[in-house]
Structures are given as structure tokens and as C-alpha cells.
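I opened the notebook to record what I looked up in this structure. The entries follow in the order in which I made them.

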Amino acid sequence: MTRQQPNPFPHKLRVRLVALSLGIEMLMLGLLLANSLRLLNQAMEEVATTQVEEVVPLLDASLSSRLFEQDHAAIMEIINRLLNSPEAGLAYIVVYDSLGDVYAKGGNVNVQQMPNVDMQFGDALNDSIYDVAAELKLEGVPVGKVRFGLSVRSFLRYRNSILNQGLMIASGEILLSFLLLGLIGYFLTRHIYELLTATQRITSGEYSHKIPVQSRDEIGRLADNFNQMAQAVNDRVRALRESEHALFTEKEKVEVTLSAIADGVITTDISGRVEYINPAAENLVGFSLEEVKGEHIESIIRMFDENTFEPINNMVLDVISSGQPILKGDSAVLINRYHDEFSIEKSIAPIFDHNKNCIGSVMVLHDVTNTRQLTRQMIFQATHDSLTELVNRREFEARLSNYIDEVKQNGRRHVVLYLDLDQFKIVNDTSGHLAGDELLRQVSLIMKPHIRGSDVLARLGGDEFGVILLDCDVDHAIRVGEILRKSIEDFVFVWQKQNYRIGVSIGVVEVTEDNSDMNSVLSAADMACYAAKENGRNQIHVYHFEDKSHERKKDEMYMSSLIKQALEKDGFVLHAQRIVPIAADSDLPEMYELLLRMVDKENNELIPPQVVISSAERYQLMPNIDRWVVANALNCIQTCQKITGNEIFAINLSGQSLGQRDFLSDIMDSIVSSKINPAQLCFEITETHAIGNLTAVTRFITRMKDMGCRFSLDDFGSGLSSFAYLQNLPVDYIKIDGGFVRRLVENPIDRKLVESINNIGKVMGITTIAEYVENEEILAILHEIGVDYAQGFAVHRPSPDVFTELVKSGGPLGAENVPKPENVPKLA
Amino acid sequence: MADMSIFRMRWLLFIFILPTTALANQPPYTFGIFPYVTTTQLIRFHKPLVEYFEASLQRPVILITAPDFTTFVNRTREGEYDFIMTAPHLGLLAEKQGYKRVVMSLHTVQGIYVVRKDSKIMSLDDLQGKVVTMAAREAIIFQTAEHQMKQHGLIDGKNITIDVARTHNNAMFAPLRNEADVAVTGILLWRKLGQANKDQMRELARTPPSPGFLVMANPRIPDSVVDKLRYTLLDFKNTPQGENYFRVTGLKGFKPITDPTMEGLEPYIKIYNDK
């Protein structure tokens, strides 16, 4: 940028007016003076010339004769008189004779260095002497020559005097003109400066300022017009500011919005050059707004098809040319300048001006990288088992269904393997779930190498696995199954310095066109696996549809559907069985075990409980059943008006329920809602379930006991480590396993075991209950041993009607109250 | 004026210098003429003679004069002039100083007494007590007139008063200006006087005639030059310029200077001898 040179001429109208006028005046005065000087010089020259012309004849007349006479004295007298005469104005006179020699001279002149003759008057101005030469003649005959100097000083003085006077007059005139022009300029431009001041104030933003010019001349009218214009400008500026404020607010909102939103927004002009990108877009493309502004959008965004990874057009120019938006484009992968990849969904819309002309586009880039990753993760989680990362049951079934369809359509043949680990429960029960989980992971790793990538290996639940061998016949499937079986058989699982060996039972089912659906295939595979287990475990069984051994398994599956219906349609009933204190003088409260029964409504009979429980446990229905039991038990107790408040009601809980996260809170809420004294409630847990879920069970018991509930450890003595775990389980009762009690009379070992269990209970302050008390002899021995309670047909048979009656009768169990034995085992 | 001077100088060169370019290589001769008339008349009368001189001698000639007779006599004596044309007695005087004879004019010098026309003076005898104006006591006319008046018993300072004018011309106008009763002037001037003035005056008497003007050469002029000059001057009258010259000047011609002529002038140089 070049520096602006200061203008030596002020930008003021009055100054310019005065300066211009003075300039013209000075120019004219200068010309006048110059002309005067010229005229003066001319006049002076004429005067001098005239004087010379007058002097020369005089000199000629006066000197020529004297020179002719050689009258030197007379000549000198003439010379002196002339030089002394102011009117003559002569500075010197030199007379030459006819030979050219100086004959006489006078005045201040050096005859040896005579000045040159001035050819014109102007030459005389150098020394103020007009040097003239003239012949002296008599009757036309030269008699000599005279040189004389005519002093022009007087002329010059006169001229200079006139010139000085002229200069003084001119100066006075200029000064007067300056004053007058200044005054005129001031009065003429005063209003203009007011206008100027007003325009400056208006320019600086004081649009409401009015020009205070009241004159009626052109300036006044101009001021009026200017005021009107300023008012109009003020109105428009105000409107513009309001619009600007609104626009700014909107812009701020838009910018804040664009900055705040997570989607990348890029706007382009009509040629596809970037005009704006928001911070989210900057993060996506890796360029800042300053870097990409004006760049073509193709140069900053590279997109690829998410599936094929082929480059794809970003479609901006297509949208601009067509004017049609792409509201949601195909999913694409964006690779930015740092080679980071983003999964995006882009939308592009044209931008129109008020004339509907397309002026650019806006592209919205929705980063779906996390969503897609999450989706993939969720899909993976939804389709895979979290423990083994194998395909889960749902995905396995979905794929199997698809393959079944393919078989039907294309005649392909696939084979399904159903694997169930043998002795897994032992590991789980003895070393805990962590060991079981680890065993399952390692078994998965053992099996994976033997399964093709195109095949499907899935964990179907618990210790069950499924395999789909594609385009495979049964023989090959058997070979694969054998490899799997052998691998697992050879596998030694080490956990906390203990070695475990397990086996696997494998059911094989060929998927053919005859298999109608996925359920039938899975059912067949399950049944084949079940058959393999029943045949002695750790072997392979191929399912044949004509094989009758699979009927029972089919019954379990049928039963599970009946259970679900019973839960939905109230197909269960509660029976109660008294647990009676054995000692006659016992002050122990009465106890009642509530037993679940499912009604076969078609045949109007009760379904055996072991059938219901087997199916319910296999199909994970026990938590729902337990919830039903607790809810209905609480309801019965609450509605029973005869309850004294000393009775204790025992409710069985399955191991599956104890493992559910929400079960504890649900039960506690139900108890609180029922307002039943928790001390009247006793929950029975089998020893096997307690040991298998020791941590969860301990937590459950502790929380419930804090509430006031009681706990009973059922089937105590059936496990190998019962006594060891008893210290860790804060139970109130132990129910001695019926297997010992049933043989108490004839087997002394069982008696000793019962005595030991009872003694341990006494030592630990735990009340003992003997179940399966089927006769009086057993009851007598139990009395003798000192067991606290007795339960069994010898005491009371479970009955749906007895619950109310028993409560009504109250008191210790007496013989008269013992109902007829019912050949139905209790639930749990 | 300067232009005019240049123009004049160029004209003079054309008239005088160019024809005499051949003469320019030698220094000019000075030709002094005794101031018997005004300088203007001298120049005008004798310009043709000077030109003839130059042509004859093949050298430039400068014509000069003197303010009065005395000065002219002194300058002649001092040898300022190479050639002189002078009154006859002054010629004799110059010869006595070494000047060489060249020629003499054919006319004779004769004084004339004039008075105002209404003057009561009718003869020389009426001049007693009158004022007589004459020019230049050294002039031959003065001396012849003084001598004549003495013969009539008129003595300056005694019974007449002689007033000396600067020139014969001035003396001639003295009666008209009432400065004198009688004026004595040269007869040549009287003849040249304008008729209007002449009508106001009348001739009273004349002096005896005396020889005309003598042309003499300075002693430093070689005789050959003098002889050559004399030869050519004697032939001057035969030229148109000479004819006109003698008609205008009234000198009538030149003739050689003879001894009797010179001897007859002896009385008139007494005045110089007395000084």
C-alpha cells in the first residue's frame, strides 16, 4: 500500500476559492506589472533614444567645429559643461579626432578600456550607462567621433519607483482582495461547512442530526433536502439495524447451532467451493475453515462405498445442477487428510436465493461411526455369547432357519450337531461358576479349530453347544463330531490345582427337505443328544425320525409350553404340608411347607411335579414359577384371617431364581407390600443350588434375614461338602435329606448320618427337620435322636384344602390331625 | 541613434574610405586652412580641394583649421600642418619659417567698408568718432584697412574705435546689430551675403587689393611631393571639380607663387615681427 502524499492544497472550498481568486489576481497583476515594466522599459528606451538623438546633434554642432579647429580648450569646456549639467545626464564624453585618437575626454571613463557601444537600450541596463558613439561632421565631412555615456540611472530609478509603487499597490490590492475574498468565502461557505459538519456527524452515525441552516437560498434548500434524506436514511438505518440485529441473532443462533451440533455441515457456492464448515465438519475432514475456504469440496472430501470401498461422488455438483436435494444418501466411508476413517450418512440440499436461483449447497455429514460400531457390537452381542464369543442360540436358530430354507429351495444338505458337556455340573458345583465359565471358554477354543469358517459353532446355553455343518452329509458330520468328542475327552481342565476331565454327548441331525422347520431340527438334535447321554454319555447319537426314544424328550418340550400357559392362565395351585415339632413339649412354632401343583385342565388331574420341574428347569421357567408361588403364598397368608402370627410358612426357591438379578428386590417388595411379618416366612434352598451359587445365595439369604425372614437348607447331606458350606450359610433350618430318613430304621449308617447332621445343627444352633417321615417308626427314632421337626406322610399329607384348615386348628401336630398320606412328592 | 551612427559610418566608408583604400596604407596629410570664414564654410568650400589633394598625393588628407588667426599662425609655426592654405602675408611669414611655396589663388583679397543703408556715413572721412568693426587684427584685410584709415587720419583709439570681431562674417553683421557704425569685411563674403541683408546695408569704400591665398608645404614635405602637388593644383581648374571649386570659393584658380608677390607682402608681416 502506497503512502498517500499530503495534498499541499487544502481541501477547503473557501481556501480554494480565495487561493484561486488570489492566484488569478496575482497572475493578472503580475502580467500588468510585467507589461508596465515592459512599457516602462520601452518608454525609457524611447526617452533615452530621444535624448541620445538630441544629444548627438548638439555634440556634433558644438564639437565638430571645435574639433575641426582643433580647439581643445573649447572642446573641454563644452565637455565639462555637458557633464556638469544634470539635465544632460551624461556620464562621460570622449572625443576622437579624424585620426581616431582621443582628442578630449571628460567624466568617469577609462579610455584604454572603453565600454562597448550599446547596440540597444537593454544593453545599457547592465551598467546603467547607455554607451553611444557618433560621428562628428561638418558639411557631411567627418571630422572626428564622439563617444559618450548617457546615464540611465535616473530612468531606472524612475522605473523602479513606478515598479515599487505598482508592487505596493498590487500587494495592497492582494491583501484587500484576500480579506474581502476571505469574508465572502466565509459567508458563502459558512452554511456549506455546516452542511459538511452535519454530513460528518451523519456519516459517523448521528442520523437523527438536523442541519441548522435557515437560509432560503440554494444552501437552505439543499439543507432541507439533506435533512429529509438524512431522515430517510435514519429510518432505513434503524430498520436495517433492526434487521441486522435480527439477522445477527439468527446468525448467532445458526452459528452456535452449527457449532453445537454433532453433525458436520459444509456449505458451498454454486461452483462447489467451500464457504463454511462447522467445527464438527472440521473434525471430520481434518481441515480448518481457514484452510478450506474457497477450495473445491472434491479436494477435501474423499468418500468410499462402505461395502465395496470404491470411490463415490459426493454429489454436491449434481445437487446444485439438478436443484433436487439428497436428504439421506447411502452410507459411506469418509477418509480425511489424516487418513482417519468415518462412517457417515450424508445429506445434501441446494441453497436458493430469493429468486429461486440455486446459489450453492449445504452438505450435512452425520457421523455414524460410533453408531455403526455400536450397532455391530450390539449385533455381535445379540448374536453371540458373551462368555465364549460364539454364536448364541438366537443367531444359531436364525441361521439354521435360513439354511433350512436353502435346503428346501436348493436341495443342499446340512447337518446339525447338538453338544452337551458331561460332568460339567460337577466342575461348576465344586469349583464354582468362575471355573465353569472358564471351562466353557476353553472348550470353545478347543472346538473352533475343527470347525470350518463357513460352518456355525454356537453356544446354545449352559453347557450346550450347537454346530451347523454346511453342505455336509451325516458320515462326515459323525467324523467331525468324533473329532470334537475326542478333543474334549482328551482335554484336562485345571482349576486351582485340581484336574477335571469332562466328556461331551453329541446329537446329530441331518437337515433335509423332510425337516419342516427349525424347531423340529433343534428338537431332534436335542433328543439325539439326550439319547447319547442316556446311552452312557460321551458318545455320538444320530437322530432318526423313526426312533421312539425321543418321545419322552418331546414330552418335556410339550410340558414347557403347558407351564407357560399355566403361568399365564393361573394353571397352578398351592398345596400345604405341615412340618410338626417332634417333641411333645416343644415350643417350636408350627411350620407349613407350601407346595406347587400344576393342573391338567383337559384331564382335570394334577401333573406330577417332577415332570413340571424337569421341564421348567430345562427351559429356564423356574424364576417365573417362583415368583408366582411367592405372590400367591403371600396373598393366601394375607387373606387368611385365622393365622395367629406364630406360624412359619416355608416357600421353596429354585437355584435359577436366586441367580436372577431382580428376583431379590422383587421378593422383598412383595413382602413389604403384603405387610406380612417376614419372620413368618421361611425360604427353602436346596443344598446343591446353594453351593453352586454360594455367593449369590449368601447375599440373598443375608438380605432377606436382615428383613426378618428365615431360611432352610433343603436336602442337607446329599452333597459331598455339606458340612463345609454350612458354616457359610446363615440358615435357620436344615432339612435332612429324605434318602437318609427313609432308610433310618433299617440302615444304621443313615441313622448315624442323621444323628451327625442333627448334632451339627444343634452345635450350630440350627433347627433340624427330617423329611420323608413316612411311618411311626421313623418318627420314633427321630424323636429319640432329638430332631426338632418331622415332615412326611407320617405326619401330614399335602392338600389344597388343608392350608386353611391347618391354620384354623393351630397348635403342634397331633396324630388326630394327620391326614391320609398322599403319594405325591413335594415340590422342590 | 547607434543604428544611425552605424549607417552613417557605413555611408562614409562608401564615400570616402573605399575610393581611397589605396591611400589607407599611409598616414594622412594634415591640410590646415586659416579660419577666414566659419568652419562650416571652410569645410563646404574646400572639400573638393581636399579630395583633389588626396587623389594627387595618393594619401589621405585631413582638413583642419584653428579657432583664430593667432592660433593658426602659432600652429603653423609649430609645424602641426603638412600643408596650409593661408592669407598671403601669413604665407610669407610661413615661408620665413621654412615652408615651401606650392601655389597661390588667382583672386585678390580686398576689404570693403559697409554701413547700414540709412547710415549718414558717406565716406571714410565721416568715420571720425565712429566705431569700426573688423575681424582679426592679424588678417590682411584688417591691416590694409587700418593702413588706409591711417591715411585718412583715422587712428584707432584716437578718433575712431576699432572693435575686433572674431571673424569677418561677424564683423560684417556688426552694423546690422548696431554694434558698430562701420564694418570692414572681405569682398568675397560681401558677395556671398544674402540679398535681404545686403538690402539693409550699403558699401562705403574698398581697401586696396592684395594677393590671394597661398598654399604652402611644411618643410618636412619632400620637394618632389611639393612639386607634384603644385603641378596637379595648377591643373585643378581644368577639372570639373576644380572649376566648381573656384566658382564657389571665388578663388578663380591657382598660379605659382612669385617672388614679387612675396616681397609685396613684407609690410603686412610687421605685426608679427613686432610681437
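**Entry 1. Lining of the largest cavity.** I began with the elements of chain B that line the largest cavity in this predicted model. Helix H2 (39-57), helix H4 (88-96), helix H5 (140-151) and helix H7 (187-192) of chain B each give at least two residues to that lining. H7(B) supplies the largest share, 4 residues. I then looked up the volume of the largest cavity, which is about 280 Å³. The lining has 24 residues, and those closest to the cavity centre are Tyr36(B), Ile141(B), Gly186(B), Leu188(B) and Phe213(B). By class, the lining residues divide into 15 nonpolar, 8 polar and 1 charged. For the whole structure I noted 5 cavities of 30 Å³ or more.

Where does the largest cavity lie with respect to the domains of chain B? Domain 1 (2-108 + 211-274) and domain 2 (111-206) of chain B both contribute lining residues, so the cavity lies between them.

**Entry 2. Aromatic pairs.** I searched the whole structure and found 26 aromatic pairs over all chains. In the pair Tyr36(B) and Phe213(B), the ring centres are 4.8 Å apart and the planes are at 55°, so I logged the pair as tilted. This pair links distant parts of the chain, 177 residues apart. Tyr36(B) sits in the loop between strand E1 (29-33) and H2 of chain B, and Phe213(B) in the loop between strand E9 (201-206) and E10 of chain B. I checked exposure, and both Tyr36(B) and Phe213(B) are buried.

The next pair I looked up was Tyr52(B) with Phe236(B), which is also tilted, with 4.3 Å centre to centre and 40° between the planes. Here the partners are 184 residues apart: Tyr52(B) is in helix H2 of chain B, while Phe236(B) is in the loop between helix H9 (223-234) and helix H10 (240-249) of chain B. Tyr52(B) and Phe236(B) are both buried.

I also recorded one aromatic cluster, formed by Phe34(B), Tyr36(B), Phe69(B), Phe72(B), Tyr81(B) and Phe213(B).

**Entry 3. Strand E4 of chain B.** Is strand E4 (residues 100-105) of chain B largely enclosed or open? I found that 5 of its 6 residues are buried, so E4(B) is largely enclosed by the rest of the structure. I then listed its partners. E4(B) runs antiparallel to strand E10 (residues 214-217) of chain B, and 4 bridges join the two. In that pairing Lys100(B) stands opposite Ala217(B). Strand E11 (residues 254-255) of chain B is joined to E4(B) by 2 bridges, again antiparallel. There Met104(B) faces Lys255(B).

**Entry 4. Positive phi outside glycine.** I noted two residues under this heading. Gln58(B) has a positive phi near 55° and is not a glycine. Gln58(B) lies in the loop between H2 and strand E2 (61-64) of chain B. Its relative accessible area is 40%, so I entered Gln58(B) as partly exposed. In chain A, Glu389(A) has a positive phi of about 60°, and this residue is not a glycine either. Glu389(A) is in the loop between helix H8 (369-383) and helix H9 (393-410) of chain A.

**Entry 5. Domains of chain A.** I copied out the division of chain A: domain 1 (13-169), domain 2 (209-251), domain 3 (261-373), domain 4 (384-546) and domain 5 (573-817). Taken over C-alpha atoms, the centres of domain 3 and domain 5 of chain A are 69 Å apart.

Terms used. Residues numbered from 1 in each chain as written. Chains lettered and ligands numbered in written order. Predicted model: local features only at pLDDT ≥ 70, side-chain atom pairs only at ≥ 80, totals over all residues. Heavy atoms only, no water. 1 Å grid on protein atoms, 1.4 Å probe; cavity = no way out; pocket = protein on both sides within 12 Å on 5 of 7 lines; lining within 4 Å. Points joined across faces, edges and corners; volume = space filled by probe spheres on them. Nonpolar A, V, L, I, M, F, W, Y, C, P; charged D, E, K, R; others polar. Domains from an automatic or database assignment. Buried < 20%, exposed > 50% of the residue type's maximum accessible area, 1.4 Å probe, protein only. Pairing = 2+ DSSP bridges. Phe/Tyr/Trp six-rings, centres within 6.5 Å; stacked < 30°, edge-to-face > 60°.
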